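Trainee: Could you take me closely through the part where the two chains meet, and tell me which residues and elements take part in it?

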Amino acid sequence: MEDVHKKIRKSYVEFLLEKNERMDGRDFFEFREISLEYGMIGTAEGSAIAKIGKTTVIAGVKFEISEPFPSDPEKGILITNAEFLPLASESFDLGPPTEKSIEFSRVIDRGIRHGEIIPLEKFLLDDGKALALFLDLYVLDYGGNLIDTGSLAAMAALLNTKLPKVEDSVILRDEYQGPLELRDIVVTTTFAKIKDRLILDPSLEEEDAADCFLTIGTSSNYMVSAQKTGSGTFKKEEVLELVDKAFEKRKDLLKYLNNIRD
Amino acid sequence: MDEKKVELLKDGKRISGRAFDELREVKIKLGVLDEADGSSYIEWGNNKVIVGVYGPKEVIPRHMENPSKAILKCNYSMVTFCSKEEHGKMGPNRRSVELSKVIREALEGIVETNLFPRTQIEIYMVVLEADAGTRIASFLGAVAALLDAGIPIKDIAVGIAAGKVGGKVVVDLDKDEDNFGEADFPVALTRTGDILLLQMDGKLTKEEVEEALGLIFEKSEVLLSKLREAVEEKYSKEVVKELKFSNKIIK
């Protein structure tokens, strides 16, 4: 029966797009309402909760002492993990990470890592050990476009992060060196393709109707990550158009991030 | 950054001696396994990938059945001795789970799943030796193995990666270029230019994205004709065999 509902909703979404409309009245390249709070988790070194439409993700940052990875001995460690909590959606279950939650955290991680915004080379400690930054994401409410909400929460948590003091490779949990150094701000923008229409920030109904998605991560000057998901296809011209749109719509997200460090 | 440039580019060429738009040698062979319904073996530079396809067959577990189309089950895995560095771990990891997903979604764009409702098609891709570009080599192997299995597809497709090395946009990165380069941009596309798979990490400007896509589209022709040759080789042999047999009977 669920399939029937989905089909009806899908044809309704398509019917509206034909008339250049969306279910919630948005323009094709308009985000839903965004809200962002940060620094509300006292036990974390950095935290934030982001909401795009109904979708809500909380992010927290913790530091540990670790050994550098043998494949990258000159750098500290960044580990990004995500959990899709069952309270967020009927479609989420308890259990080991699913391919969707793995992809979610890896795409968010990719932008932050390849945008080189965290100076991981400064995380090395004297005795061959290194600081490890754990960036953990929990989905609290799932209403479509998880990745953009998650990456917004992640970036806000990083901007909110204080670097703890370290003595003899022990983290002093209540003393801080100052804010975590960040070289740039990375955000993602996700577009859905529904019957040859391209839209920004798909809602859950629009996700169910979509053929495929393109998530593009941007720093100030570069595209730093991209991921196509879903089984439909994009044309080259569409990809190039969306890269342009990603740089343009990035500004809508920066509004919420720019003042965190003020 | 400057050190890396010296390392990866010498006299305006890549350290492998390849031109910026030059692919490594690619060999494709269909029908390499006996038990699988379709199979292929790919050598792409030093990458070695073997692919087996089963199905369409009964869906297990039953509740995963789709009454209107076949479901695809894709598994990308690496053997524990396939990389130059440390001994790998057995079993799935986060990377292989993600790559299996993006390859599956790419194949869903071409396989005629609507012809086989309530069935599953299994695609197993095993990387035997890795030298960067294993996901697109695996994708190529999967398309070849599906063709070998005789599973209808809408169009043939290939994967190809572009990237940035020493500030230059290049195609088909090898391991050193992937590790020390500035961007990796794997894409899979059909003959008609429909993009089935697209991932990217690194730093590319809008202009570089355009240049990279241009190179990918241009060089995909080379791979598409190799794939066509491999299919022709396999099927012409079989047709010849068949003809000889029927000749005897007719005679």
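Mentor: Two residues are said to be in contact if their C-beta atoms, placed from the backbone, lie within 7 Å. With that in mind, and remembering that this is a predicted model, we can begin with the contact between the chains, which takes 29 residues from chain A and 27 residues from chain B. On the side of chain A that touches chain B, the elements α2, β11 (223–229) and α5 (236–257) each supply at least two residues, and the largest share, seven residues, comes from β11(A). Sorted by class, that side of chain A has 11 nonpolar, 10 polar and eight charged residues.

Let us look at β11(A) in more detail. Strands of a sheet pair through backbone hydrogen bonds, either parallel or antiparallel. Here β11(A) pairs with strand β11 (residues 195–204) of chain B in the antiparallel sense, over four bridges, and within this pairing S225(A) stands opposite D201(B) in β11(B).

The helices give a second view of the contact. Helix α2 (residues 99–114) of chain A packs with helix α2 (residues 94–108) of chain B at an angle of about 105°, and their axes are 9 Å apart. Angles of 65 to 115 degrees count as roughly perpendicular, and α2(A) is therefore roughly perpendicular to α2(B). Where these helices meet, E99(A), I102(A), E103(A) and R106(A) come from α2(A), while R94(B), V97(B), E98(B) and K101(B) come from α2(B). By class, this contact of α2(A) with α2(B) has two nonpolar, no polar and six charged residues.

It helps to follow α2(B) back into its own chain, where α2(B) lies across β6 and β7 of chain B and runs at about 140° to β6(B). Those strands belong to an open sheet of five strands in chain B, in the order β3-β4-β5-β7-β6, with mixed pairing. Because β3 (26–30) and β6 (71–78) of chain B stand at the edges, each with a single partner strand, one side of each is left without a neighbour in the sheet. From one strand to the next, the twist of this sheet averages 15°.

Further along that order, strand β5 (residues 47–58) of chain B and strand β7 (residues 119–129) of chain B run antiparallel and are joined by nine bridges. One pair to find on the structure is V51(B) with its bridge partner M125(B), which lies in β7(B).

Methods: Residues are numbered from 1 along each chain as its sequence is written. Chains are lettered from A and ligands numbered from 1 in the order in which they are written. This is a predicted model: local features need pLDDT of at least 70, side-chain atom pairs count only at pLDDT 80 or more; totals for chains, interfaces and linings use all residues. Axes are lines fitted to C-alpha atoms, for helices over the stretch in contact, and angles run from 0 to 180 degrees between N-to-C directions. Angles under 35 degrees count as roughly parallel, over 145 as roughly antiparallel, 65 to 115 as roughly perpendicular and the rest as oblique. Ala, Val, Leu, Ile, Met, Phe, Trp, Tyr, Cys and Pro count as nonpolar, Asp, Glu, Lys and Arg as charged, and the others, Gly among them, as polar. Two strands pair if DSSP finds at least two bridges between them.
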